[in-house]
Each structure stands twice: as C-alpha cells, then as structure tokens.
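Take a moment with the fold before reading on. We'll go from the inside out and finish at the charged pairs.

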Amino acid sequence: MASTQDVRRYLAYWFQLGKHVVIRDGQERLLPQPVIEGDRYSQAFEECWQRINAPNVGDCYLEATEESVADLLTPEWDVSPCARCAMPVPVRNVGMPPACCPCNDLLSWPNLDVPQPRSPVNSQVKLKDIQQRLMSMRDRG
C-alpha cells in the first residue's frame with residue numbers, strides 16, 4: 001500500500017517536471033511552484049495537497065494518468081520507480097499495471113543532463129551523518 005508520504009513524494013516529483021494535477025472534472029489544473037523550500041515542501045505544495053484532499057473536490061489525477069490520488073491511497077496501489085526513467089509511478093498490487101508512466105508524454109525525459117526531481121533534504125541531518133561516518137572512520141584507523 002502506498003503511504004501518504006509516498007503519494008506526496010510522487011506528486012512532488014512530477015510537479016517539479018511541470019505536470020499538473022487535474023481537479024473538479026478537469027475544470028482546474030494545479031501546479032504549485034515552488035515545490036520545495038529548503039528542507040520541506042513549500043507552502044504552495046502544502047496548500048495544493050490540502051485542496052487535493054478536500055472532501056468536495058472530486059477525483060484528482062496527475063496529468064496523463066488514469067489513477068486518482070484517492071485510489072493511490074488505497075491498499076490496491078503502491079508507488080515504485082519507473083523502469084524507464086526511475087521517477088515514482090503508481091503500481092497496482094494486484095491486477096494489470098498502468099498502461100504507461102506519466103513520463104510517456106514528456107519528449108525530453110529522461111534527461112540526465114538536468115538535476116533530477118527530489119524530495120526535501122534536511123542539510124543539517126545530512127551533514128551530521130557525514131560527520132559521524134568520518135569520525136567512525138577516524139576511530140577505526
């Protein structure tokens with residue numbers, strides 16, 4: 001089952017490539033910018049996430065997909081890396097997988113010459129991890 005965090009990460013990665021979420025039977029398209037601010041998702045992303053999860057919004061879909069965000073939060077679905085581009089994609093736990101990855105209509109993707117979409121990173125935690133590894137290497141040597 002895809003966790004809420006997995007689905008949020010899935011949307012955040014695709015938002016970074018310019019994909020919209022379609023809501024209200026196609027009447028609105030959402031694309032929060034920026035997606036990440038420092039070590040967390042941006043306020044624009046959080047507001048978009050709240051709109052997607054509002055009870056009266058109806059089904060919400062990432063562009064070029066058929067699975068609603070609500071579907072992805074059920075036990076039937078998981079989020080895994082795409083075999084073609086390594087971006088997170090929905091995968092049905094039982095039954096047929098989706099016909100294609102959302103990258104299918106991005107002509108310039110995958111593009112290894114540009115920074116890849118990412119999740120927020122807490123720089124302080126990463127630096128402390130590096131420091132601890134260096135200190136343990138020093139203590140062993």
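Leaving aside its neighbours within four places in sequence, which residues is V21 in contact with? Keep in mind that this is a predicted model. With those sequence neighbours set aside, V21 touches L11, F15, E28, R29, L30, I52, C60, Y61 and L62.

That list leads straight into the core. The largest nonpolar core has 33 residues, and V21 is among the five that touch the most other members, along with L11, W14, I52 and C85. Several elements feed this core: α1, β1 (21-23), α2, α3 and β6 (77-81) each supply at least two residues. The top contributor is α1, which gives seven.

Stay with α1 for a moment, since R8 is found in this helix too. Is R8 buried or exposed? At 11% relative accessibility, R8 counts as buried, because the cut-off for that label is under 20%. Outside its neighbours within four places in sequence, R8 is in contact with Y41, F45, E46 and W49. One of these, E46, is also a salt-bridge partner of R8, with the closest N and O atoms 2.7 Å apart. R8 sits in α1 (residues 4-16) and E46 in α2 (residues 43-52), so this pair ties together parts that are 38 residues apart in sequence. The two ends of the bridge differ in their surroundings: R8 is buried, while E46 is partly exposed, with a relative accessible area of 24%.

On to the other charged pairs. Side chains of opposite charge can pair when their charged atoms come close. How many salt bridges does a search of the whole structure find? The search turns up seven. One of them joins E63 and R29 at 2.6 Å, N to O. Here E63 lies in the loop between β5 (61-62) and α3 (69-72), and R29 in strand β2 (residues 28-30), so the pair links parts that are 34 residues apart in sequence. You've already met R29 as a contact of V21; at 48% relative accessibility, R29 counts as partly exposed.

Then there's the bridge between D39 and R40, whose closest N and O atoms are 3.3 Å apart. D39 is partly exposed, with a relative accessible area of 32%, and R40, at 52%, counts as exposed. Salt bridges can also share partners, and those that do join R24, E28 and R51 into one network. E28, like R29, is on the contact list of V21.

Now look at the strands β6 and β7. They run antiparallel, and five bridges join β6 to β7 (residues 88-92). If you want a place to start tracing the pairing, P81 stands opposite P88 in β7. The hairpin has six residues between its strands, and in it A86 takes a positive phi near 70°.

Finish with α4 (residues 123-140). This helix has 18 residues and reaches 26 Å from its first C-alpha to its last, close to the 26 Å expected at 1.5 Å a residue. How many of its 18 residues are buried? The number is zero, so α4 lies largely in the open. At the N-terminal end of α4, N122 acts as a cap: a side-chain oxygen of N122 lies 3.1 Å from the backbone nitrogen of Q124.

Technical notes:
Residues are numbered from 1 along each chain as its sequence is written. This is a predicted model: local features need pLDDT of at least 70, side-chain atom pairs count only at pLDDT 80 or more; totals for chains, interfaces and linings use all residues. Side-chain values use heavy atoms; hydrogens and water are left out. A salt bridge is a side-chain nitrogen of Lys or Arg within 4 Å of a carboxyl oxygen of Asp or Glu. Helices (H or I, at least four residues) and strands (E, at least two) are DSSP runs, numbered from the N terminus. Buried means under 20% relative accessible area, exposed over 50%, partly exposed in between (1.4 Å probe, protein chains only). The expected span of a helix is 1.5 Å times one less than its number of residues. A polar contact is a pair of N or O atoms within 3.5 Å; within protein, one must be able to donate a hydrogen and the other to accept it, and residues adjacent in sequence count only if both atoms are side-chain atoms. Contact means heavy atoms within 4.5 Å. A nonpolar core is a set of buried Ala, Val, Leu, Ile, Met, Phe, Trp, Tyr and Cys residues joined through side-chain atoms within 4.5 Å. Two strands pair if DSSP finds at least two bridges between them.
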